[in-house]
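Subject: Structure for your files

Hello,

Here is the structure you were expecting. My notes on it follow below.

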Amino acid sequence: MNLLLVFDSLYRHRSVTGAASELALSPSALSHALNRLRASLDDPLFIRSGGGMVPTAKAASIAARVAAALGSLSSCLYEHPSFEPASSTETFTFAATDYTAAVILPPLISRINHQAPGITIKLLYSRDFNADEDLLSGKVDFALGFEEEPRLSRRGIDAINCFTDDYVVAVRKGHPVISDSLSRERYLEAGHVVVSPWMESRGAIDRFLEKQQVRRRIMVELPSLMIAPIIVARTDLIITLPKRGIASIFDMKDLVVFTPPFPTPQYMLRVYYSAVLSAAPSHQWMKEQIIALCASDYP
């Protein structure tokens with residue numbers, strides 16, 4: 001069990017020093033424990049590279065299951081206290097992109113602040129579409145993710161289906177070519193701004209266009225939405241995003257919005273959580289707030 005705790009901590013921190021600090025061990029003691037674990041599993045597990053510890057393929061393949069097992073054991077042994085929202089000072093950590101945060105966190109925080117003013121919401125940037133490893137390890141409580149195509153859920157991860165959305169195309173008012181309508185030809189001829197939060201090679205729109213054997217002209221590719229509204233407002237570039245993202249982040253008075261001139265997949269925002277670690281009354285309460293919000297007609 002001690003060796004598994006070392007493995008889990010080292011996998012999350014990718015640092016001997018960081019893991020040793022979390023476990024209140026000396027770096028030397030943690031290194032000895034890692035050597036015992038390597039011998040037991042007959043694999044190096046972590047390889048030193050660039051000042052950090054990079055997991056091997058075997059380590060990556062077992063990390064989520066180890067984290068889930070440790071979380072399950074912790075849940076069995078820990079007697080959860082009752083939860084009083086009005087007096088709670090608990091911190092909840094969410095993993096999100098700037099888009100997913102913008103469309104759900106403002107109304108959720110407003111709701112929580114009214115019922116539980118002492119609660120703190122901490123936001124971490126999501127490292128992948130639903131932050132499986134961070135959820136299973138307990139690093140985050142909830143992850144705001146989206147799906148354009150069905151994905152298989154990892155064991156131990158549950159999700160709340162929050163809303164579906166349609167893609168729209170936004171251009172600045174006064175665009176010299178696109179004003180009253182948007183044809184397929186003009187869409188393909190225009191320069192595009194594309195937001196790729198995890199720097200994936202192709203998103204849903206580009207995968208669809210490739211099936212039609214056409215490609216759009218991507219002029220700017222961003223890891224974040226933060227400067228996209230400024231770029232679209234000050235250039236002739238256009239952007240294709242879910243409707244709620246446009247309404248939440250962009251200044252609508254500067255834009256003209258069109259339906260894409262071809263079929264697009266629906267976008268679904270989901271809120272992911274660990275089935276084991278969410279058993280605490282405080283987590284149950286937060287899930288209820290999220291479910292209630294998603295069932296409402298919030299903007």
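Helices and strands here are DSSP runs numbered from the N terminus, with at least four residues for a helix (H or I) and at least two for a strand (E). Please keep in mind that this is a predicted model.

Overall

The protein contains 11 helices and 12 strands. Along the principal axes, its C-alpha atoms fill a box of roughly 65 × 45 × 30 Å. Buried residues make up 44% of the 299 in the protein. If one takes the contacts between residues at least 6 apart in sequence, 77% of them join residues at least 24 apart.

The disulfide

A search of the whole structure turns up one disulfide. C162 and C294 form the link, with an S to S distance of 2.0 Å. C162 belongs to strand β6 (residues 157-165) and C294 to helix α11 (residues 281-295), so the link ties together distant parts of the chain, 132 residues apart. The angle about the S-S bond is -90°, and the link is left-handed. Are the two cysteines buried or exposed? C162 has a relative accessibility of 6% and C294 one of 13%; both count as buried because the cut-off is under 20%.

Two positive phi values

Most residues other than glycine have a negative phi. L45 is not a glycine, yet its phi is positive, about 65°. L45 sits in the loop between α3 (27-41) and β1 (46-49). With a relative accessibility of 0%, L45 counts as buried.

Q213 is another residue other than glycine with a positive phi, near 65°. The loop that holds Q213 runs between α8 (204-211) and β9 (217-222). Whereas L45 is buried, Q213 is exposed, at a relative accessible area of 75%.

Helix α5 and the strands on either side of it in sequence

Strand β3 (residues 91-96) and strand β4 (residues 120-125) run parallel and are joined by six bridges. One of the pairings puts A96 with Y125 of β4. To get from β3 to β4 the chain passes through α5, and this β-α-β crossover is right-handed.

Helix α5 itself covers residues 98-115, 18 residues in total. From first C-alpha to last, α5 reaches 25 Å, close to the 26 Å expected at 1.5 Å a residue. Where in α5 is there a kink? The kink lies at L105, shortly before the proline P106, and amounts to about 40°.

The buried residues of α5 are Y99, T100, A101, V103, I104, L105, L108 and I112. An α-helix has 3.6 residues a turn, so residues three or four places apart point the same way. In this list, I104, L108 and I112 are buried. L105, where the kink lies, is also among the buried residues.

Strand β8 and its partners

Strand β8 (residues 191-195) is mostly covered, with four of its five residues buried. Which strands does β8 pair with? Five bridges join β8 to β9, and two join β8 to strand β10 (residues 238-242). The strands run parallel in the pairing with β9 and likewise in the pairing with β10. H192 takes part on both sides: its bridge partner in β9 is I218, and in β10 H192 stands opposite I238.

Helix α1

Two residues of helix α1 are worth a look in the viewer. D8 lies in this helix, which spans residues 2-13. D8 is buried, with a relative accessible area of 10%. Apart from its neighbours within four places in sequence, D8 is in contact with V66, A67, L70 and S137.

N2, also found in α1, is exposed, with a relative accessible area of 59%. Measuring C-alpha to C-alpha, N2 and A33 are 8.3 Å apart in space, with their positions 31 residues apart in sequence.

Regards

Note on methods: Residues are numbered from 1 along each chain as its sequence is written. This is a predicted model: local features need pLDDT of at least 70, side-chain atom pairs count only at pLDDT 80 or more; totals for chains, interfaces and linings use all residues. Side-chain values use heavy atoms; hydrogens and water are left out. A disulfide is a pair of cysteine sulfur atoms within 2.5 Å. Buried means under 20% relative accessible area, exposed over 50%, partly exposed in between (1.4 Å probe, protein chains only). The expected span of a helix is 1.5 Å times one less than its number of residues. The bend at a residue is the angle between axes fitted to the seven residues ending there and the seven starting there. Two strands pair if DSSP finds at least two bridges between them. A crossover is right-handed if, with the strands pointing away from the viewer, the path from the first strand over the helix to the second runs clockwise. Contact means heavy atoms within 4.5 Å.
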